[in-house]
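Colleague: I have a new model open and some questions about it. Could you take me through them one by one?

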Amino acid sequence: MWSSGEPADSYYEVRPECTDVPKTRFKIKPGKTLSVRKWQAAFTPEGHLDISKTLGRIQRGGIHPSIRGEVWEFLLGCYDPKSTFEERDEIRQRRRVEYASWKEECREKFPIVGSGKFITAPVITEDGQSVQEPLYLLEAGNNAAAEPPKDRDAAETGETGETDDTGEAGEEGKAGEAGEEGEAGEPASTAVVGETVANGETQSSINISSWQMMKEIISHGPLDKKVIQWILTLHQIGLDVIRTDRTLVFYEKQENLSKLWDILAVYAWIDTDVGYCQGMSDLCSPMIILLDDEADAFWCFERLMRRLYQPSNDLFLLEFQKRGNFRCTESSVGVESQLSNLAAITQVIDPKLHQHLEALGGGDYLFAFRMLMVLFRREFSFCDSLYLWEMMWALEYDPDLFELYEEPEAAEGSKGRTKSIRHYGKYERENMKSGSAEEAPLPISVFLVASVLKDKSAKLLQEARGLDDVVKILNDITGNLDAKKACTGAMKLHKKYLKKAKK
């Protein structure tokens, strides 16, 4: 399947010292991959996009890296395919202004935002007082610059909130603490960051100056509770930023690390329901790489987050209530609903495996937590994970996405009336045919995990004698999965599940 075509690794250059990074299986194939020419040909002179001309090609061969960012903006619902070039330019400029306004609002409350720097140590306590131990800030900065990652897992540890090998999320689910251990047993603060990180400053000196700045801000009066909670997350975002995709040359530049930190900080400020959770840096990182403008990257990330958690607007409830990855309560983690759905699917398509997993104490399927939380970023190489995402989004594509986000009431009233079924993704069409679209259809990501479990069913039944064995068997798939085969397997299981669920 991968014997011909142009390798895509050159578009996402890896640091030469990172020798254990899996090579991508995705290759750019003429006639299958969505090319620049085919993409441009799908637009009318006014700018209307016939999305149906692109979905099938994306499903078959992915997107050429040179246009990946702008295609993603449509797949994620940033723009309406029916809009013109002029209308999209107006929307883009309005959003850039809105993002700049939010960023300035954040900068006024914490001037490090937008400065090209970020913090990796707490500068404020939960009761709104400045941290009293500047020595800790110095040590935190030094630890953050301590040593390079030995492999991909060591570079990106602990970002999904796991506290043990089952993937179960504990109190760290919202964000990590400095010094905790990650999946590979490396300190969570390990990262490839030079001692000098910005304008001759070290990360330690940035932490110290941020602490001094915070003392000055607090001296003018008590801070609002929302501000305190937000500032408390900023160093945790920093710790995740310095270990996200650090095998990539792209993140050798301080400006790119700062851009990632700024976007996550602004998002945490405007979305008080979700704030910041570990794993978000994995989802945001590709947006920074694919879209040059920081505001455009923010809005692409914001749309992805809408797919992954349950919005409060009731009109969205039916469409997205199964996708609560980052929405946490005191008693549960948001992704638990998807884990429950995974258990139900496995029980239908492979009852023997489900019974075996239950007997091992894994009936809650928490061993699959990471796969769903960060959309398989750990199981695939960087390039292959992007390929997987765009295939998933093309399969799930709904032409009403933009209206659902921008004008939900209008979209709810007109859903399905004016669109040809060919404008929907193949997975969405299957749901529409079965009638399940009216019953909050499950995201394809759940069927992708179910497909992985199905492929490993014999091995799990024969060799797994405890949850540690289950985790080990599933960890062995890292770097060895074929994204296209995984999507094909997910579609087959989806069709099989729909048939059996009707009986």
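Colleague: Is Q59 buried or exposed?

Modeller: This is a predicted model. Q59 has a relative accessible area of 17%. Buried means under 20%. So Q59 counts as buried.

Colleague: Which helix holds Q59, and which residues does Q59 touch beyond four places away in sequence?

Modeller: Q59 lies in helix α2, residues 52–61. Leaving out residues up to four places away in sequence, the residues that Q59 touches are M391, A394, L395, G425, K426 and K484.

Colleague: How are helix α10 and helix α16 placed, roughly parallel or roughly perpendicular?

Modeller: Two packed helices are described by the angle between their axes and the distance between the axes. Helix α10 (residues 280–290) and helix α16 (residues 382–396) have axes 12 Å apart, at an angle of about 95°. Angles of 65 to 115 degrees count as roughly perpendicular. Therefore α10 is, relative to α16, roughly perpendicular.

Colleague: Which residues meet where α10 packs on α16, and how many of them are nonpolar?

Modeller: From α10 come D282, L283, P286, M287, I289 and L290. From α16 come F382, L386, W389 and W393. One residue of this contact is charged and none is polar, and the nonpolar count is nine.

Colleague: What kind of aromatic pair do Y267 and F298 form?

Modeller: The model has 23 aromatic pairs. For Y267 and F298, the distance is 6.5 Å centre to centre, with 55° between the planes. Planes under 30 degrees apart count as stacked and over 60 as edge-to-face. The pair of Y267 and F298 is tilted.

Colleague: How many residues apart are Y267 and F298?

Modeller: Y267 is in helix α9 (residues 254–270), and F298 is in helix α11 (residues 294–308). Both residues are buried. The pair links distant parts of the chain, and the separation is 31 residues.

Colleague: Which aromatic cluster includes Y267 and F298?

Modeller: Four other residues belong to it: Y99, W102, W299 and F301. Written in full, the cluster is Y99, W102, Y267, F298, W299 and F301.

Colleague: Where is confidence lowest among the helices and strands, and where is it highest?

Modeller: The mean pLDDT of the protein chain is 81, and 77% of its residues reach 70 or more. Helix α12 (residues 314–320) has the lowest confidence, at a mean of 38. The highest, at 98, is in helix α3 (residues 68–75).

Colleague: How many contacts does the model have for residues 328–333 beyond four places in sequence?

Modeller: Over residues 328–333 the pLDDT stays under 50. Where pLDDT is low, the predicted coordinates should not be read in detail. For residues 328–333, the number of such contacts is five.

Definitions and conventions. Residues are numbered from 1 along each chain as its sequence is written. This is a predicted model: local features need pLDDT of at least 70, side-chain atom pairs count only at pLDDT 80 or more; totals for chains, interfaces and linings use all residues. Side-chain values use heavy atoms; hydrogens and water are left out. pLDDT is the predictor's confidence in each residue, from 0 to 100. Helices (H or I, at least four residues) and strands (E, at least two) are DSSP runs, numbered from the N terminus. Contact means heavy atoms within 4.5 Å. Buried means under 20% relative accessible area, exposed over 50%, partly exposed in between (1.4 Å probe, protein chains only). Axes are lines fitted to C-alpha atoms, for helices over the stretch in contact, and angles run from 0 to 180 degrees between N-to-C directions. Angles under 35 degrees count as roughly parallel, over 145 as roughly antiparallel, 65 to 115 as roughly perpendicular and the rest as oblique. Ala, Val, Leu, Ile, Met, Phe, Trp, Tyr, Cys and Pro count as nonpolar, Asp, Glu, Lys and Arg as charged, and the others, Gly among them, as polar. Rings of Phe, Tyr and Trp (its six-membered ring) pair if their centres lie within 6.5 Å; planes under 30 degrees apart count as stacked, over 60 as edge-to-face and the rest as tilted.
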